[in-house]
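Colleague: Got a minute? I'd like to walk through this model with you.

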There are 2 protein chains.
Amino acid sequence: MLDNLKENFSHIFEDALIDEIGQVGVLKEVKEGEKVIEIGDYVRSMPLLLKGAIKILREDDDGDELLLYFLERGDTCAMTLTCCLGQTKSEIRAIAELDTTLIMIPIQKMEEWTGKYKSWRNFVFQSYHARLTEMLETIDSIAFYNMDERLVKYLQNKKKITNDSLINSTHQEIAYELHTSRVVVSRLLKKLESMGKIELNRNSIKIIAL
Amino acid sequence: MLDNLKENFSHIFEDALIDEIGQVGVLKEVKEGEKVIEIGDYVRSMPLLLKGAIKILREDDDGDELLLYFLERGDTCAMTLTCCLGQTKSEIRAIAELDTTLIMIPIQKMEEWTGKYKSWRNFVFQSYHARLTEMLETIDSIAFYNMDERLVKYLQNKKKITNDSLINSTHQEIAYELHTSRVVVSRLLKKLESMGKIELNRNSIKIIAL
DNA sequence: GCTTGACAGTAACAAAAGTTACACTTCAAC
DNA sequence: GTTGAAGTGTAACTTTTGTTACTGTCAAGC
């Protein structure tokens, strides 16, 4: 674990902190599609992402979802952070987008390190900043763009996260994450295909040029 | 200033911190409608809100706006926080919703106090939490609700912030903040009036029962 | 009183998105 | 091979929202 830790965090954390993380952190592996946090959960430890990606989702009153953003290698969950400190329930759902490796850190350390390590403080603040920025981008997408543009952004993002221009999703899954209906997604995807920007197949979408 | 400070913050900050704030903080008064921060500004100090309210707005490519949330007494601007530390430009616009009193704190202190005062740390984290929560609510509104419901929420919120059931806004102003058109707002307001929930007059909306 | 500009009401239409319904394909299980 | 479930394509329609255009009203300044 220490090797993996150092590889990802040695450029931002001082050695003493990395040692401490190694001592108290608990390694956790989650498979693609597995749930990491559910809405309403009390969160008692904070995840550091070593490998993979996690998608963060919001839910409406009818149980339908909306993709907020992805967490990647080196990220942490800002929501969790505040939930830990405030002892409040999770407002979001987190699901592994890929096979993912996490280090879980007990919240007591969180508070301790914030006073003790400057690099930790910076990391936490940068995480907040990144998350707020991503939330703003999400708001921009929903408020300022039409569904066809949102779909394109979604596909681009997915390609970036998975590092693969072949996206293995059904239209229904995409519809869930964009909070729209399957028919709308099929319609717009077909339009993109006829423009030669993607190639459609059962359970997969190949990105040609977006 | 110290009196005002103590009145608002003595229950969260230790005395030593309040003294420090009193020493380095600069009092700033802004009139209703006055701009506090513009998109693209570099922010070099962090505001603590003593009195009044500030609205935080996001802008699209066409220069049209969207209301994100309000800051009230005891709040601070999480965006500013991260901007200060990250030395990045402001992503948002801030305009005084009411006559407002602020204390501006130099960013160097920000970093210093985070290591020094536990109460400061808690305050900063709570601010982040509050802002993230408000961003989530904003996302919920835009993504999950129709314009008529968003309008109702807007009016309720406005009433709460100004502590006045008479709202002095034009339909055009409301349209800007909800990122829609004047005609749509007029239409929906008229519907609310015909349901007996509000009373419309030139430049004002009286909330009867929402 | 008259003019002017800001504000509001409303109709008619257009565009975007959501809904319903049904046909067709694929693929795995039997 | 048959069956059934999941996935996709598409038409027809509704709802919501945005747009254009025109009307009337109010209030300030002349």
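Modeller: Sure. Keep in mind that it is a predicted model. Let's start with Ile161(A).

Colleague: Okay, is Ile161(A) buried, exposed or partly exposed?

Modeller: Ile161(A) has 17 other C-beta atoms within 10 Å. Buried takes 20 or more, and exposed takes 12 or fewer. So Ile161(A) counts as partly exposed.

Colleague: Which helix is Ile161(A) in?

Modeller: Helix 6 of chain A, which covers residues 147–162.

Colleague: And what is Ile161(A) in contact with, leaving aside neighbours within four places in sequence?

Modeller: Ala53(A), Phe70(A), Glu72(A) and Glu97(A).

Colleague: How far is Ile161(A) from Ile54(A), in sequence and in space?

Modeller: They are 107 residues apart in sequence. In space, their C-alpha atoms are 9.6 Å apart.

Colleague: Now the core. Which residues touch the most other members of the largest nonpolar core?

Modeller: That core has 72 residues. Ile54(A), Met79(A) and Ala94(A) are on the list, and so are Ile54(B), Met79(B) and Ala94(B).

Colleague: Take Ala94(B). What does it touch, beyond four places away in sequence?

Modeller: Ala94(B) touches Val36(B), Ile37(B), Ile54(B), Ile56(B) and Cys77(B).

Colleague: New topic. What rotation superposes chain B on chain A?

Modeller: A rotation of 180 degrees, with 0.0 Å of shift along its axis. The RMSD is 0.0 Å. That is the relation of a two-fold axis.

Colleague: Which C-alpha of chain B is nearest the axis?

Modeller: The one of Gly115(B), at 2.4 Å.

Colleague: How many residues does each chain bring to the contact?

Modeller: Chain A brings 27 residues, and chain B brings 27 residues. On chain B's side, helix 5 gives the most, with 15 residues. By class, that side has 13 nonpolar, nine polar and five charged residues.

Colleague: Why do you say the copies meet through the same surface?

Modeller: Because 100% of the interface residues of chain B are also interface residues in chain A.

Colleague: Last one: the DNA. Which residues are closest to strand D?

Modeller: Thr170(A), His171(A), Asn146(B), Met147(B) and Thr180(B) are the closest of the 20 residues that surround DNA strand D.

Colleague: Which helix supplies the largest share of that surface?

Modeller: Helix 8 of chain A, with six residues. Helix 7 of chain A, and helices 6 and 8 of chain B, also supply at least two residues each.

Colleague: And by class?

Modeller: The surface near DNA strand D has six nonpolar, eight polar and six charged residues.

Notes: Residues numbered from 1 in each chain as written. Chains lettered and ligands numbered in written order. Predicted model: local features only at pLDDT ≥ 70, side-chain atom pairs only at ≥ 80, totals over all residues. Least-squares fit on C-alpha atoms with pLDDT ≥ 70 in both. Contact = placed C-beta atoms within 7 Å. Near = placed C-beta within 6 Å. Helix = DSSP H or I, 4+ residues; strand = E, 2+ residues; numbered from the N terminus. Nonpolar A, V, L, I, M, F, W, Y, C, P; charged D, E, K, R; others polar. Core = buried A, V, L, I, M, F, W, Y, C linked by C-beta atoms within 7 Å.
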